[in-house]
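This report describes charged side chains, their pairings and their exposure. The structure is shown first.

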Amino acid sequence: MLDGLWLLRDFLDSGGWVLWTILWVTVLLWTLMLERLWFLGWVFPRQAQGYQQAWQARADRASLAARHIRNAWLSQAQQRLNRFIPLVRVLIALCPLLGLLGTVTGMIQVFDVMALSGNGNPRAMASGVSRATMPTMAGMVIAISGLFCLARLDQQSRRALQRLTDRLRHD
């Protein structure tokens, strides 16, 4: 376990400050997505049940005022379901861009070293280029995994809202 942490730290150090930034963005991204999954699994079903009970308790479910109340509740539920989703989208889009920034800064460092020492050592150049491309790889891996989870969150949110819409049928 401890060896794994040291390997992770060595990997992050090899990519410089950009990899550390990608790590913090990743922690924030997955925290938000896990919160959304928890909300969809435990919190929203109770809220939906509350909306349904309040709707069933209403004597008037067919008037224009009742329809406006229903639409307001559905809109409120949709806002709760989509909370943090725009931020999640931004973080997913940010990861590959941070990775690209890390690659560009790493390549600049490689070129600086080549300018000072010449290009007579291809191993050193290959090692520098390899280290420079790690942030791009890390950013893309995080973004791809985030996209899969975001797609699942979107699907579950739409289904939950549709179920609530079906439960709040007007007469």
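## A buried arginine and its partner

Arg-36 has a relative accessible area of 2%, so it counts as buried, the limit being under 20%. In this predicted model, the side chain of Arg-36 forms a salt bridge with that of Glu-35, at 2.8 Å from N to O. Glu-35 is partly exposed, with 22% relative accessibility.

The pair is part of a set of four salt bridges in the structure. Side chains of opposite charge can pair when their charged atoms come close.

## A link between two helices

A salt bridge also joins the side chains of Asp-154 and Arg-89, with an N to O distance of 3.0 Å. Asp-154 belongs to helix α5 and Arg-89 to helix α4 (residues 85-117), so this salt bridge ties together parts that lie 65 residues apart in sequence.

The two partners fall into separate exposure classes: Asp-154 is buried at 17% relative accessibility, whereas Arg-89 is partly exposed at 41%.

## Asp-166 and Arg-169

Between Asp-166 and Arg-169 there is a salt bridge whose closest N and O atoms are 3.2 Å apart. Asp-166 is partly exposed, its relative accessible area being 34%. Arg-169 is exposed, at 54% relative accessibility.

## Positive surface patch

Five residues, Arg-152, Arg-158, Arg-159, Arg-163 and Arg-167, gather on the surface as a patch of positive charge. One of them, Arg-158, is located in helix α5, which spans residues 122-167. Arg-158 has a relative accessible area of 57% and is therefore exposed, the cut-off being over 50%.

Terms used: Residues numbered from 1 in each chain as written. Predicted model: local features only at pLDDT ≥ 70, side-chain atom pairs only at ≥ 80, totals over all residues. Heavy atoms only, no water. Patch = residues over 30% accessible without salt bridge, like charges linked within 9 Å, V, L, I, M, F, W, Y side chains within 5 Å. Areas by Shrake-Rupley, 256 points an atom, 1.4 Å probe, with all protein chains shown as cover. Lys, Arg positive; Asp, Glu negative; His and termini not counted. Charge placed at Lys NZ, Arg CZ, Asp CG, Glu CD. Helix = DSSP H or I, 4+ residues; strand = E, 2+ residues; numbered from the N terminus. Buried < 20%, exposed > 50% of the residue type's maximum accessible area, 1.4 Å probe, protein only.
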